[in-house]
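Here's a quick tour of a protein model, put together for someone new to reading structures. Have a look at the picture first, then work through the bullets.

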Amino acid sequence: MPAQANPWRSVAVHRIGVYTEHGLSPGLVEEFMKAVREVGCRNIVDPFVGSGVVAVEAQKRCLPFLGIDADPWSLILVAAKTRPLDYNALLDWTLERFGSLEELEPLVPSPRLEQYHTPMVLAALGRLRRLIEEAAQEWRPLLLAVLGRVAAEYSLLRRSPAPRLRRRRVEAAPHAIYRDFVDTLRRAIGDLRGHKFCGPVDLVWGDSTAWLPGRVCGVLTSPPFANNLDYVRHTMLELLWAGLARGSRDLGWLRSIQVPACEAAARAWKLETRHPWLQSLAARIGGSRAHGYRRFLLQYFHAMDKHFELLAERLEWQAWYTVGDSFLGGAYIPVHEALARLAREHGLGAETRLLGERFRPGRRLYLLILHASG
Ligand SMILES: C[S@@+](CC[C@H](N)C(=O)[O-])C[C@H]1O[C@@H](n2cnc3c(N)ncnc32)[C@H](O)[C@@H]1O
């Protein structure tokens, strides 16, 4: 079985911005959508919508969709991909304003951004950000998504594995950055012109362990995997440029509403699962980071347990989760099996299926299918 990178990285519309590998392959998405059509499901929910693979694919198949995410950047990105716009008007306006871009006062929404860009790059990005502030409201998600990409390109911040700065200076003349912005915008618009904006896409900023809509027919999602990946850090630059976070305090607060799937999102005040079988699983974790790993793992399972409790009350048909297993401090954590057992305890039917090898060697991806009770 070949290891899977994110296959959507090169697919039109999706490539406007994709998150890391998550197991939602085109084949699996098609299989789900086919099953949804067969049962006549009319509302599809992705409670961890991320960069919106399911949103875009449901929309082009004319299926009503609701996406939820605790990270507000995700909602900007999904809105950028799923809201039709007057692209000619947007491009004309942007190109016309470009003539006087150098005269604009840079808008840098957070002082923290000074750490991540050289002064010249910061000023150029700040002028683009000022331009976006002047744009029509409905254009902003797409313009911010484009700015986010360009900012990441010229940033000193390395995305993974830890929040470190690049050694090399990422320097560029303002005109090169402006050109990149327009090229990226044109490419995104080219993709969006070919997209079928058929089904309605509703988006909710929320915590899916505390809220789900009243009725859920079908779920297709890739939840956080308990693998120490910090989604807030991965979208930190974009959150700061969008003005959705001003600094560490806001970023920390956004982490606190994430499913604690990494050390950074674990909190002393968060509840841990009390299931003895999960506590003994966590007790197997060793090494110098055992304490932090155990804590987030037990909090992770508590949060997913709450999510399943809500789901069990609302699910009308099936919920499909792609789930990756983990190794933490030398211990193998079969996240998929543990989630299946938690779901069963809420009266849901649960089966798992091996999907393939993960992008990271030695790890595997599974599909967890939950069935409505009764
Ligand atoms: C694996 S990613 C989803 C990737 C997505 N399928 C895509 O197409 O990019 C997991 C997502 O769950 C979100 N998340 C984490 N905790 C959450 C919570 N409590 N409620 C809602 N979303 C949450 C993260 O912000 C992240 O966007």
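Let's start with a pair of helices: H5 and H7 cross in a right-handed way. Keep in mind that this is a predicted model. After the helices we'll get to the sheet and then the ligand.

**Where H5 meets H7**

- The axes of helix H5 (residues 119–134) and helix H7 (residues 174–193) come within 9 Å of each other, and they cross at roughly 40°.
- H5 and H7 are therefore oblique to each other.
- On the H5 side, the residues that touch are Met120, Val121, Ala124, Leu125 and Leu128, while H7 brings in Pro174, Ile177, Tyr178 and Phe181.
- What classes of residue make up the contact of H5 with H7? There are 9 nonpolar residues, with no polar and no charged ones.

**Where H3 meets H6**

- Helix H3 (residues 72–82) and helix H6 (residues 140–153) have axes that come within 8 Å and cross at roughly 115°.
- That angle makes H3 roughly perpendicular to H6.
- This crossing of H3 and H6 is left-handed.
- H3 supplies Ile76, Leu77, Ala79 and Ala80 to the contact, and H6 supplies Pro141, Leu142, Leu144 and Ala145.
- Sorted by class, the contact of H3 with H6 has 8 nonpolar residues, and again you'll find no polar and no charged ones.

**The sheet**

- How many strands form the open sheet, and in what order? There are 7 of them, lined up as E3-E2-E1-E4-E5-E9-E8, and the pairing is mixed.
- Strand E3 (201–205) and strand E8 (349–357) sit at the edges with a single partner strand each, so one side of each has no neighbour in the sheet.
- From one strand to the next, the twist averages 20°.
- In general, strands of a sheet pair through backbone hydrogen bonds, either parallel or antiparallel.
- Strand E2 (residues 65–69) and E3 run parallel, joined by 5 bridges.
- Asp69 has Trp205 in E3 as its bridge partner.

**Helices on the sheet**

- H3 turns up again here: it lies across E2 and E3, running at about 170° to E3.
- Helix H12 (residues 290–314) packs on the sheet too, touching strand E4 (216–221) and strand E5 (315–324).
- The direction of H12 makes about 150° with that of E5.

**Around the ligand**

- The ligand is surrounded by 24 residues, and the closest are Phe48, Gly50, Ser51, Val53 and Asp71.
- Split by class, the shell around the ligand holds 12 nonpolar, 9 polar and 3 charged residues.

Notes: Residues numbered from 1 in each chain as written. Predicted model: local features only at pLDDT ≥ 70, side-chain atom pairs only at ≥ 80, totals over all residues. Near = placed C-beta within 6 Å. Nonpolar A, V, L, I, M, F, W, Y, C, P; charged D, E, K, R; others polar. Axes fitted to C-alpha atoms, helices over the stretch in contact; angles between N-to-C directions. Helix = DSSP H or I, 4+ residues; strand = E, 2+ residues; numbered from the N terminus. Parallel < 35°, antiparallel > 145°, perpendicular 65-115°, else oblique. Left-handed = near helix turned anticlockwise from the far one by under 90°. Contact = placed C-beta atoms within 7 Å. Pairing = 2+ DSSP bridges.
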